[in-house]
Amino acid sequence: MSKAWKELDLEGGGLQAINARLAQEMRTRPAAYAAWILFPLGLHRFYLREPRGGAGFLLLTATTLGLALLAPAAWWLAPLGITLLWAGVDLWWIDRRVTDYNKELRKQVFLRRGHKPPQDYRGRYTSDEDARRELQEYQRIKETEKAGHPGPAGADDRDRDVGGRRRMPSFNEQEAMLRQMRGDRKPDTRED
């Protein structure tokens with residue numbers, strides 16, 4: 001059997017290429033916290049694509065070392081204190097930055113080239129009122145179901161998408177319809 005599938009070049013497009021690119025470019029919390037250990041070098045900031053912050057840590061570290069070697073008094077303690085305080089704040093900041101960075105990366109990768117999301121785009125819902133309405137609709141649908149199985153096809157608006165077009169039933173809905181059709185079919189009792 002040929003292993004030609006291993007030689008496929010998925011960079012031309014498709015979901016696999018996008019997912020491979022995302023896997024390479026996404027940032028992880030463990031790696032960011034590991035880089036934070038060397039915070040005087042600002043590695044965690046560079047890892048999270050914050051070059052200004054990384055340069056700030058390098059500048060403060062160089063200032064601290066320069067004052068420690070050249071200044072007669074303990075002036076070096078001031079930039080050291082600022083560096084330590086900033087590093088402490090970054091322990092809290094890293095978690096939020098990883099989330100924001102990965103979210104922005106997904107938006108950039110999944111949107112078509114040259115198209116930007118609408119201003120104030122936050123994901124699926126545009127307002128809390130939309131979210132409440134969707135939740136109420138979902139609860140209404142779930143309350144009409146019997147023992148977790150959907151009702152017959154076309155019973156209500158569940159088989160319509162947001163634009164009002166008919167949607168394809170899910171695999172589970174198709175299975176339920178087939179079971180129902182088998183149960184509704186009566187055996188042929190004619191005698192010839």
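Let me start with helix H2, residues 29-36, where Ala 32, Ala 35 and Trp 36 are buried in what is, I should say at once, a predicted model. If you look down the axis of H2, these buried residues fall within an arc of 110°, so they line one face of the helix. What covers them includes helix H3, residues 43-47, and helix H5, residues 77-110. At the N-terminal end of H2 there is a cap provided by Thr 28, with a side-chain oxygen that lies 3.5 Å from the backbone nitrogen of Ala 31.

Staying on H2 for a moment, Ala 34 also lies in this helix, but at 45% relative accessibility Ala 34 counts as partly exposed. Its C-alpha atom is 7.8 Å from that of His 44, and the two residues are ten apart in sequence.

Let me step back to the whole chain. The protein has seven helices and zero strands, and of its 192 residues, 20% are buried. If we take the contacts between residues at least 6 apart in sequence, 46% of them join residues at least 24 apart.

Now to the core, and which residues make up the largest nonpolar one? There are nine in all, namely Ala 32, Trp 36, Phe 39, Leu 48, Phe 57, Ala 87, Trp 93, Ile 94 and Val 98. The elements that give two or more residues to this core are H2 and H5, and H5 gives the most, with four residues. As general background, nonpolar side chains in soluble globular proteins tend to be buried together.

Several of these names come back when we turn to the aromatic rings. The structure holds three aromatic pairs, and one of them, formed by Phe 57 and Trp 86, is stacked, at 4.2 Å centre to centre with 10° between the planes. That pair links distant parts of the chain, since Phe 57 is in helix H4, residues 51-70, while Trp 86 is in helix H5, 29 residues apart. What about the burial of the two partners? Phe 57 is buried, with a relative accessible area of 0%, whereas Trp 86, at 25% relative accessibility, counts as partly exposed. Ring pairs also bring in further residues, linking Trp 36, Phe 39, Phe 57 and Trp 86 into a cluster.

Rings in this model also have charged neighbours. The charged end of Arg 45 sits over the ring of Trp 93, 3.9 Å from its centre. Leaving aside neighbours within four places in sequence, Trp 93 is in contact with Arg 45, and also with His 44, Leu 48 and Glu 50. In a second case, Arg 27 lies over the face of Tyr 47, at 4.7 Å from the ring centre.

Tyr 47 leads us to Met 26, which is found in the loop between helix H1, residues 15-25, and H2. Met 26 is partly exposed, with a relative accessible area of 28%. Which residues does Met 26 contact, leaving aside its neighbours within four places in sequence? They are Tyr 47, Asn 102, Leu 105 and Arg 106. For Leu 105 the separation along the chain is 79 residues, yet the C-alpha atoms of Met 26 and Leu 105 are separated by 7.3 Å.

I would like to finish with two arginines, beginning with Arg 49, which is found in the loop between H3 and H4. Most residues other than glycine have a negative phi. Arg 49, however, has a positive phi of about 60° although it is not a glycine. Is Arg 49 buried, exposed or partly exposed? With a relative accessible area of 44%, Arg 49 is partly exposed.

The other arginine is Arg 97, placed in helix H5. Although an arginine, Arg 97 has 17% relative accessibility and so counts as buried, the cut-off being under 20%. The side chain of Arg 97 reaches the backbone oxygen of Arg 49 at 3.5 Å. Beyond its neighbours within four places in sequence, Arg 97 is in contact with Leu 48, Arg 49 and Glu 50. Two of these, Leu 48 and Glu 50, were also listed among the contacts of Trp 93, and Leu 48 belongs to the largest nonpolar core.

Terms used:
Residues are numbered from 1 along each chain as its sequence is written. This is a predicted model: local features need pLDDT of at least 70, side-chain atom pairs count only at pLDDT 80 or more; totals for chains, interfaces and linings use all residues. Side-chain values use heavy atoms; hydrogens and water are left out. Buried means under 20% relative accessible area, exposed over 50%, partly exposed in between (1.4 Å probe, protein chains only). The arc is that of the directions from the helix axis to the C-beta atoms. Contact means heavy atoms within 4.5 Å. A polar contact is a pair of N or O atoms within 3.5 Å; within protein, one must be able to donate a hydrogen and the other to accept it, and residues adjacent in sequence count only if both atoms are side-chain atoms. Rings of Phe, Tyr and Trp (its six-membered ring) pair if their centres lie within 6.5 Å; planes under 30 degrees apart count as stacked, over 60 as edge-to-face and the rest as tilted. A charge sits over a ring if NZ of Lys or CZ of Arg is within 6 Å of the ring centre and within 35 degrees of the ring normal. A nonpolar core is a set of buried Ala, Val, Leu, Ile, Met, Phe, Trp, Tyr and Cys residues joined through side-chain atoms within 4.5 Å.
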